[in-house]
Each structure stands twice: as structure tokens, then as C-alpha cells.
Amino acid sequence: MSIYDYTVKDGTGQDVALSDYRGKVLLIVNTATGCGFTPQYEGLQALYEKYADKGFEILDFPCNQFAGQAPGTDEEIANFCTGRYGVTFPRFHKINVNGANADPLYTYLKSQAGGVMGSNIKWNFTKFLADREGNVVARYAPSKTPKTLESRIEELL
């Protein structure tokens with residue numbers, strides 16, 4: 001299995017094959033609109049604007065598993081992100097990242113990069129970085145700001 005073997009749902013419920021992102025550096029993030037880390041959307045958007053034309057993508061997966069901090073519908077979350085932070089990177093259907101109903105993509109990501117945090121996602125804005133071949137190369141805690149990932153992203157690009 002690789003990251004490219006997974007299919008996820010976009011915010012309108014349509015299937016999206018991750019193989020569509022083959023050859024790109026990916027930053028995969030579970031997000032929430034009512035979290036103390038929500039302002040990281042600003043930094044994520046800045047990275048996206050700086051590197052998207054060099055083959056960088058951010059994949060945003062809203063998750064309401066942590067203190068109910070992403071309570072809206074997919075449409076409400078999209079409107080919030082676009083209106084408040086000007087987000088233009090892809091946002092997907094709200095998912096679970098832990099437990100029996102965890103999205104298979106996140107089960108895979110956790111198996112590839114457990115990191116110091118163990119296998120479960122601890123909170124919103126946990127970040128996974130994948131190289132152009134689809135290998136998960138790093139996992140970052142929510143407290144790691146997007147800006148601190150920039151040099152590693154540049155290396156992979």
C-alpha cells in the first residue's frame with residue numbers, strides 16, 4: 001500500500017483518488033474551525049501560495065473528534081476557511097482520525113509515521129508530510145507552526 005492507493009471524499013461527497021496528487025509534496029492536516037490552533041490556517045495558506053506552483057499541495061481534513069471543535073457542515077467549514085483565512089488549498093469531507101471509524105487514510109498515515117506522539121492523533125492540526133513518491137516522511141505535532149516546516153518542504157521540492 002501507498003498513499004496513492006487511497007480514495008477520499010471531497011467536501012461535496014465526491015471521490016478523489018490520492019493518485020491524482022502523484023509527484024507532489026503533500027502536507028496532510030486534520031483541522032478544526034474552533035480550535036486554538038485554527039489561526040494556523042493563515043500559515044498554511046502562506047505556504048500554499050509560496051510553493052503550490054513548485055508541486056506542493058496541502059490536503060485539509062476537518063475533524064470534530066477533539067472537543068467538538070469542527071461542528072459545522074462541510075459547506076459551513078469551507079465558508080469559514082475561505083472567508084476568514086482566504087484558504088484556497090483542497091479541503092475534504094469531515095472525517096474521524098482515531099478509533100473504529102477512523103478514515104483509512106489516517107490509519108495508514110499513523111502506521112507510517114507514529115512519531116513521538118504514538119499512533120493516535122492527539123489533537124487538531126497534526127501534520128503529515130509526504131514526499132513526491134508518496135512516502136510519509138514526517139509527522140508534526142499541532143504546536144509545530146506551518147512556518148517551521150518550510151525548510152523541510154523546500155528540501156522535498
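1. A word on terms to start: two strands are taken to pair if DSSP finds at least two bridges between them. With that in hand, β5, residues 127–130, and β6 are joined by 4 bridges and run antiparallel. Please keep in mind as you read that this is a predicted model.

2. Let's place that pair in its sheet. The sheet is an open one of 4 strands, in the order β4-β3-β5-β6, with mixed pairing. Which strands stand at the edges? They are β4 (56–62) and β6 (136–140); each has a single partner strand, so one side of each is left without a neighbour in the sheet. On average, and with direction ignored, neighbouring strands here are turned by 15 degrees against each other.

3. The β5–β6 connection is worth a look on your screen. These two strands form a hairpin with 5 residues between them, and G134 in the turn has a positive phi of about 85 degrees. Across the pair, K127 stands opposite Y140 in β6, while L129 faces A138 of that strand.

4. β5 also pairs with β3: 4 bridges join them, and they run antiparallel. Here L26 stands opposite A130 in β5. As a general reminder, strands of a sheet pair through backbone hydrogen bonds, either parallel or antiparallel.

5. How do the side chains of β5 point? K127 and L129 go one way, F128 and A130 go the other way, and all are buried. Side chains in a regular strand alternate between the two faces of the sheet. You may want to note the lysine in that list, as K127 is buried along with its neighbours in β5.

6. N30 deserves a point to itself. This residue lies in strand β3 (residues 25–31). Is N30 buried or exposed? The cut-off for buried is under 20% relative accessible area, so N30, at 0%, counts as buried. The side chain of N30 reaches the backbone nitrogen of T126 at 3.2 Å. N30 and F125 are 95 residues apart in sequence, yet their C-alpha atoms are 5.2 Å apart in space. Leaving aside neighbours within four places in sequence, the contacts of N30 include F61, C63, F66, V97 and Y106, and also I121, W123 and N124.

7. Next comes helix α3, residues 104–112. Its buried residues are L105, Y106, Y108, L109 and K110. What do they pack against? The buried residues of α3 pack against β1 (7–9), β3, β4, β5 and β6. One of the buried residues, Y106, is among the contacts of N30. At the start of α3, a side-chain oxygen of D103 comes to within 2.9 Å of the backbone nitrogen of L105.

8. Finally, the cysteines. A disulfide is a covalent bond between the sulfur atoms of two cysteines. How many disulfides does the model have? The count is 0. C35 is in no disulfide, and the nearest cysteine sulfur, that of C63, is 11 Å away. Why is C63 not bonded to C35? A disulfide needs the two sulfur atoms within 2.5 Å, and at 11 Å the sulfur of C63 is too far from that of C35 for a bond. C35 is buried, with a relative accessible area of 8%, and C63 is buried as well, at 0%. C63 also appears among the contacts of N30.

Conventions: Residues numbered from 1 in each chain as written. Predicted model: local features only at pLDDT ≥ 70, side-chain atom pairs only at ≥ 80, totals over all residues. Heavy atoms only, no water. Buried < 20%, exposed > 50% of the residue type's maximum accessible area, 1.4 Å probe, protein only. Contact = heavy atoms within 4.5 Å. Polar contact = N/O pair within 3.5 Å; in protein donor to acceptor, adjacent residues only side chain to side chain. Axes fitted to C-alpha atoms, helices over the stretch in contact; angles between N-to-C directions.
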